[in-house]
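Welcome, and thanks for taking a look at this one with us. Please have the sequence and the 3D view open side by side as you read.

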Amino acid sequence: MLEDIKIIIKAGTQAPSGDNVQPWRFVVNDSVIKLFNVPEADNSFYNISQNASYIAHGAVIENMAITAKTLGYNANISLFPDSGKSNLVATISLEKGNTQNQPLYEYIEKRVTNRKPYTSDPLNDEQKNNILSCANEFKDARILIADDTKDVKKLAQILSLNEQIVLENKQMHDFLFSHVVWSEEEERQKKRGLYIKTLELKKPQEKMFGLVKNFTILRFLNRLIGISKKVSKENGKVYAQSSAIIAVSTNGDTKESYIKAGQLMQKVWLTVAKSGLSAGPLMGVILLSQMIRGGSTNDLSQKHINLLNRAYVEIKNIFRIKDDTIKVILRVGRGDEPSAYSSRRDPNITF
Ligand SMILES: Cc1cc2nc3c(=O)[nH]c(=O)nc-3n(C[C@H](O)[C@H](O)[C@H](O)COP(=O)(O)O)c2cc1C
């Protein structure tokens, strides 16, 4: 069983996480796996109240559940089982059962964030139905698909507001640049962070990216040529080259609601991968809006707060959401293979 547990945990750690920070560790007691959050792994603005990490943990749990079933275990999952231990996200108790064929299993390794432009061909009915049916087992989370060309274009433009803000806010800028993995050598050492080659920057963009690492230079370029808005516009054009933009929504703002959204996100992402399509999250605006609605603004300027508030209302209107809050946004479409892949550290497991 120990070997199976190692396989299940390894599959868990193939999950996506914001800036590839991998904020998890595991403790194993007999047939029980405890999944812990590592809050110090991500102190970004985006991770207010650990919400971004909880989405990632939802993906870890989904991968683990799929793998456990594949290996012939029933996985009993209990979220936040001990109110005294806030970092204990879940216990996953394994019980020997029947092997269950899991068509998504092989896509756990293949799923990837693809930041290339995609072709904008519409999703066919089968693809849409497969995506929508991911929500069948989730009574607390819902999937919404925006695939009208005008809606996709509008959403792409709204969601790229994130880049404008990152390039105008010093704290957000500093966090991003301190989490870039700049070289193949660093990536081989499995440094936590965003590997630059996965950002799909063209040569001149990569040069500029290296330059604006210095916030003083960036501020100057913002004044001189409005570079933050230019980058945002360029990225918006890439995001618009998608077949659809998918939202996962849940009710309320509890830790569990983020975990559930992360589970459903992962199921959708694996399903999208299975149908030969690419996907990439566009979460900045959503996570920052959530932070503002939660009553915290960190040091966001009033101008950015206003822009984010307006953006969130527009996003909600396009998806026609009333009571739920949007927790996840993924763009999907047919893209060429990514130029590079993000690595994972060996899982931190205490036996
Ligand atoms: C909560 C969360 C938020 C994310 N937000 C973004 C985002 O806004 N833009 C983006 O390009 N990638 C985003 N990502 C993708 C991660 O950067 C990516 O998962 C990570 O670098 C690992 O790469 P992989 O998904 O290819 O394994 C997000 C992932 C998670 C889980």
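What follows is a short tour by topic, from the sheet to the surface.

Please keep in mind that this is a predicted model. The tour starts with an open sheet of five strands, goes on to two residues with a positive phi, and then turns to the salt bridges, which come to 14. It ends with a buried residue in strand S6, an exposed one in helix H5 and a nonpolar patch on the surface.

**The five-stranded sheet**

- The strands of this open sheet follow the order S3-S4-S2-S1-S12, and their pairing is mixed.
- Which strands stand at the edges? They are S3 (73-79) and S12 (349-350); each has a single partner strand, so one side of each is left without a neighbour in the sheet.
- As general background, strands of a sheet pair through backbone hydrogen bonds, in either a parallel or an antiparallel way.
- Strand S1 (residues 24-29) and S12 run parallel and are joined by two bridges.
- To find this pairing in your viewer, look for Phe-26, which stands opposite Ile-349 in S12.
- Helix H2 (residues 51-70) lies across four strands of the sheet: S1, S2 (32-37), S3 and S4 (88-96). Relative to S2, helix H2 runs at about 160 degrees.

**Two loop residues with a positive phi**

- In general, most residues other than glycine have a negative phi.
- Asp-19 is not a glycine, yet its phi is positive, at about 50 degrees. You will find Asp-19 in the loop between helix H1 (2-12) and S1.
- Is Asp-19 buried or exposed? Its relative accessibility is 18%, so Asp-19 counts as buried, the cut-off being under 20%.
- Arg-320 also has a positive phi, near 55 degrees, and is likewise a residue other than glycine. Its place is the loop between helix H14 (302-319) and strand S11 (325-335).
- Arg-320 counts as exposed because its relative accessibility is 70%, and exposed means over 50%.

**Salt bridges**

- The count for the model comes to 14 salt bridges. In general, side chains of opposite charge can pair when their charged atoms come close.
- Lys-190 pairs with Asp-346, with 3.8 Å between the closest N and O atoms. Lys-190 sits in the loop between helix H8 (184-188) and strand S8 (194-195), and Asp-346 in the loop between S11 and S12, so this salt bridge ties together parts that are 156 residues apart in sequence.
- Within that pair, Lys-190 is partly exposed at 31% relative accessibility, whereas Asp-346 is exposed at 59%.
- Lys-197 and Glu-206 form another salt bridge through their side chains, at 3.3 Å from N to O. Lys-197 is partly exposed, at 34% relative accessibility, and Glu-206 is partly exposed too, with a relative accessible area of 22%.
- Glu-234 and Lys-237 meet in a salt bridge with an N to O distance of 3.3 Å. Both belong to helix H11 (residues 227-240), where they are three residues apart, about one turn of the helix.
- The relative accessible area is 39% for Glu-234 and 47% for Lys-237, so Glu-234 counts as partly exposed, and so does Lys-237.
- Glu-184, Glu-185 and Arg-188 are joined into one network by salt bridges that share partners.

**A buried residue and an exposed one**

- Ala-141 is part of strand S6 (residues 141-146). At 2% relative accessibility, Ala-141 counts as buried.
- Which residues does Ala-141 touch, not counting those up to four places away in sequence? They are Ala-135, Ser-249, Thr-250 and Leu-264.
- The C-alpha atoms of Ala-141 and Ser-257 are 8.0 Å apart, with the two positions 116 residues apart along the chain.
- Thr-149 belongs to helix H5 (residues 149-159) and counts as exposed, with 63% relative accessibility.
- Thr-149 and Ser-120 are 29 residues apart along the chain, and their C-alpha atoms are separated by 8.4 Å.

**A nonpolar patch on the surface**

- Met-208, Leu-211 and Ile-217 make up this patch, and together they have about 210 Å² of accessible area.
- Ile-217 belongs to helix H10 (residues 215-225) and is partly exposed, at 30% relative accessibility.

Technical notes
Residues numbered from 1 in each chain as written. Predicted model: local features only at pLDDT ≥ 70, side-chain atom pairs only at ≥ 80, totals over all residues. Heavy atoms only, no water. Patch = residues over 30% accessible without salt bridge, like charges linked within 9 Å, V, L, I, M, F, W, Y side chains within 5 Å. Areas by Shrake-Rupley, 256 points an atom, 1.4 Å probe, with all protein chains shown as cover. Salt bridge = Lys/Arg side-chain N within 4 Å of Asp/Glu carboxyl O. Buried < 20%, exposed > 50% of the residue type's maximum accessible area, 1.4 Å probe, protein only. Pairing = 2+ DSSP bridges. Contact = heavy atoms within 4.5 Å. Axes fitted to C-alpha atoms, helices over the stretch in contact; angles between N-to-C directions.
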